[in-house]
Amino acid sequence: MLSDKEQLRDISSIGLKTVIGELPPASSGSALAASVCKKITGRLTSAIAKQEDVSVQLEALDIMADMLCRQGGLLVNFHPSILSCLLPQLTSPRLAVRKRTIIALGHLVMSCGNLVFVDLIEHLLSELSRNDSMSTTRTYIQCIAAISRQAGHRIGEYLEKIIPLVVKFCSVDDDELREYCIQAFESFVRRCPKEVYPHVPTVIGICLKYLTYDPNYNYDDEDEDENAMDADGADEDYQGSDDEYSDDDDMSWKVRRAAAKCLDAVVSTRHEMLPEFYRTVSPALIARFKEREENVKADVFHAYLSLLKQTRPAQSWLCDPDAMEQGETPLTMLQSQVPMVVKALHKQLKEKSVKTRQCCFNMLTELVNVLPGALTQHVPVLIPGIIFSLNDKSSSSNLKIDALSCLYVILCNHQPQVFHPHVQALVPPVVACVGDPFYKITSEALLVTQQLVKVIRPLDQGDSFDASPYINDLFCCTIKRLKAADIDQEVKERAISCMGQIICNLGDSLGPDLPGTLQIFLERLKNEITRLTTVKALTLIAGSPLKIDLRPILGEAVPILASFLRKNQRALKLSTLAALDILVQSYSDSVTPAMIDAVLAELPLAMLDFFQALVATGTASLGYMDLLRMLTGPVYAQSAALTHKQSYYSIAKCVAALTRACPKEGPAVVGQFIQDVKNSRSTDLIRLLALLSLGEVGHHMDLSGQPELKTVILDAFSSASEEVKSAASYALGSISVGNLPEYLPFVLQEISGQPKRQYLLLHSLKEIISSASVAGLKPYVESVWTLLLKHCECTEEGTRNVVAECLGKLTLIDPETLLPRLKGYLLSGSSYARSSVVTAVKFTISDHPQTIDPLLKNCIGDFLKTLEDPDLNVRRVALVTFNSAAHNKPSLIRDLLDTVLPHLYNETKVRKELIREVEMGPFKHTVDDGLDIRKAAFECMYTLLDSCLDRLDIFEFLNHVEDGLKDHYDIKMLTFLMLARLSTLCPSAVLQRLDRLVEPLRATCTTKVKANSVKQEFEKQDELKRSAMRAVVALLTIPEAEKSPLMSEFQSQISSNPELAAIFDSIQRDSSTANMESMDTS
């Protein structure tokens, strides 16, 4: 390589590069790699330092960078000498040398020790403060940005010194330097989120200033600008706007591009500043949509897209009712800016540039997803732009697909009347796209057509719009796709759905075409691939208010549908049940007994409405008693068909539904059921059904006229079968709801008098409190409350839980009085009472608004103070209650997080004093009494990721996740899930900690189970490995994750171990198919 002949130099450097590329990775611990590296490193450093010939120097730098990247860890002893040979090259007269030196330094900082790193940073800082010449200053800033990109977690602590210097250089009049400074900011924002925090406002200020920095071009008023564009457009060999104005020396666009990218980084990483972004960043970005350089424009659009994505209302805190009162939420601010966005976009929808138009469609789609209905006023200016792309001969397929999917989202999220003036213009291009030869365009256009049909004739509003001119076109283009057999699966399904919609909304205008089309549906119903979609389409048609005539196909279709009920595909069963239900309701006069028999033979017993509908149709052979026999027959015949306990509950509900439909039959049936329970020859299953049926019937009819009822049910409390006991307690509660004054005092008296049956009686009471009306319960609240309090110190945890649930649900009846009382019991001396009260609060929280919410919000802090309770169990139930609040109603606890989190994190620690040894015969067994509370704490952490991410210090949070990765099986499983969530929610923070997170994952995957362990141990270990692999796959979706030396080492370890490699591959396949599915549904 060092010879004088050029050919030799070229060949030898290629040879050397290949050798280094083929060396086994550092992780394999191969001696070969180590010895090769040691041999050549010294010679490479001298070649870099002393060489006069630049080409040799460049090759040597290239090889050095390669080696540091792949084998950096092996060269630790050489790092100081490598650094001292690289630093002088940063001032080399040749820019190419500087560039490659920066790349090499970037790889060096990934593996070098702290001393070397400090030397490097100190050198860069001192050189920057000296600022000898512009050109070296540029290089040093580039170098800092590169280090931050490769090793952000290490540079963080130096930002306090670095940022002021970079800010200072932004004001120097040198475009290249500015570009590098802003790129450096971008890498700090993405790589050192925690340390850059105080400087974010400064960074935003600089970016906003340079986003509009275009010194050589005069943006006149909007109108003149339009004329200028038209003039250019007339020019035939017009190459796109950039060539027109671009000076070759004008570098200002690079500064603008850097500023747009940096804003993108800020917006994507700082959820908590959204309101601020809408005040300052959003208007500035909208104003720059007119950018003249296409590449810069794309980045401006991308930054705005990131802003919209951060605003997706899926983040529950944005819909927080308290924030709404303050008026300025991100959503309301966005709403007020929509006119500006549309004004800036609508002209661009007709630009020549495909890239620009695609950006516009993406933007509109995201805007409507975030704010449904946002474009109501603006549809007239946008529709022509969308049609332009659909008709434009030069449009690429992707552009058409984007235009169609944008149109689809707009049609779905606005009122039909908005589009009526534009139907005439919309139908022809959409119909043309349905006929497009490219299946993806057809498929997207069929979705739009289906939506258009709903727009042309909305069934829920009496409408004046005349749909008749369009029906034929829409029908013809769809039927052509519906008939085709040799067509893409997705197009088949969408053609079926689209035609279903056409028949549902316009079937009365199809005339002679209708029967033939229904026959095609019948064919599609017989085909396994299309049957589910067809069932859904038939359901839609059967429910149409136009009363479409389905008689031609009912005879054949119903038995086919009945046969689907035995298929082992849940979605198909559920859709089929819905279809049959609506068919029987809408077409009762055409349904023959033969059809019904076919259905009843297959029917899972969960169709209440179906049975009520049948009785109401009054078909001759299907009176009350016949149906009752059909329902209960299998139980009395003791056939083994009903293995599933749930089916007994379903039968009982059906019996009650029938009895409600024919009340005069009630007393006789009830008497029969009472006899069944009393009869000593009845099987447990018959008793079970009879009790459940009594409960269901009694819920809606007053059964107090049956004198034996109470004793019969109480006797059943002593049954040997657990199932019968719980059915009896349910029945007693349910019957009480039918007549509270008669039964509730009786239940209360029994609870006091029968300590042995307490648990079951309390369950009856829970049923009463959960189902009875508030008005009915009001008079009894005091007596029930007093009784419950007596039992909330019970030593039996099961009983305490039922008591707590009753207390919580009772509190909802009169929160003003009862919530303060609950709070009072927090001071109770008994830890059992305290835990009951905290658990009771859990039952007052639900995911829909309730009157108790504002009261709860004021005092939930007091209940959560029990996180500091001396009793372990009280602390555990406090965590469970906190988790329920964070999950169902985050607004209750968002403002308490600063005080709650330290206690929550405190419970994630393993406590030695809670681990004890138990002797089981000859074996010693360790029991960890702290496991349950740790599990509860980690569950809370997982919930907070979804509901309160913006209020967490992610780095503090990650510290505890890291501890969990080394904990017990259950907790490892939870933290693996958290890691996967975190990789998508805050990738930059996870990346900073990657090395510390990889180690425990690797330990899990390489643990061996002892050969003589029980089968469960092996299964557990397998589950852990799979779960850990899922976390690894998720971590690898972070763009820079592979660069971490530990991660790449672990990856090579996985691929070299057949068992791990197999798990890894199967998970990757699963996750990619899942991604595909989620993309389709979006």
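Buried means under 20% relative accessible area, exposed over 50%, and partly exposed in between, with a 1.4 Å probe and protein chains only. The model is predicted: local features need pLDDT of at least 70, side-chain atom pairs count only at pLDDT 80 or more, and totals for chains, interfaces and linings use all residues. Residues are numbered from 1 along each chain as its sequence is written, and side-chain values use heavy atoms, leaving out hydrogens and water.

**Exercise 1. Explain why Cys-406 and Cys-262 form no disulfide.**

Step 1. A disulfide is a pair of cysteine sulfur atoms within 2.5 Å.
Step 2. For Cys-406, the closest cysteine sulfur belongs to Cys-360, 9.3 Å away, so the gap is too far for a bond. Cys-406 is buried, at 0% relative accessibility.
Step 3. For Cys-262, the closest cysteine sulfur is in Cys-207, at 3.5 Å; that is also too far for a bond. Cys-262 is buried too, at 0% relative accessibility.
Step 4. The structure holds zero disulfides.

**Exercise 2. Find where Arg-834 and Asp-869 lie, and state what their salt bridge ties together.**

Step 1. A salt bridge is a side-chain nitrogen of Lys or Arg within 4 Å of a carboxyl oxygen of Asp or Glu.
Step 2. Arg-834 and Asp-869 form one, with the closest N and O atoms 2.7 Å apart.
Step 3. Arg-834 sits in helix H44 (residues 831-842), and Asp-869 in the loop between helix H45 (853-864) and helix H46 (872-888), so the pair ties together parts 35 residues apart in sequence. Helices here are DSSP runs (H or I, at least four residues), numbered from the N terminus.
Step 4. Both Arg-834 and Asp-869 are buried.

**Exercise 3. Place the salt bridge of Glu-999 and Arg-1002 in its helix.**

Step 1. The closest N and O atoms of Glu-999 and Arg-1002 are 3.4 Å apart.
Step 2. Both residues belong to helix H52 (residues 994-1006); they are three residues apart, so about one helical turn separates them.
Step 3. Glu-999 is partly exposed, with a relative accessible area of 36%. Arg-1002 is buried, at 14%.

**Exercise 4. Describe the surroundings of Glu-750.**

Step 1. Glu-750 lies in helix H38 (residues 740-753).
Step 2. Glu-750 is buried yet has no salt bridge. The nearest side chain of opposite charge is Arg-757, 4.7 Å away. Lys and Arg count as positive, Asp and Glu as negative; His and the chain ends are not counted.
Step 3. Leaving aside neighbours within four places in sequence, Glu-750 is in contact (heavy atoms within 4.5 Å) with Leu-714 and Leu-761.

Note on methods:
Helices (H or I, at least four residues) and strands (E, at least two) are DSSP runs, numbered from the N terminus.
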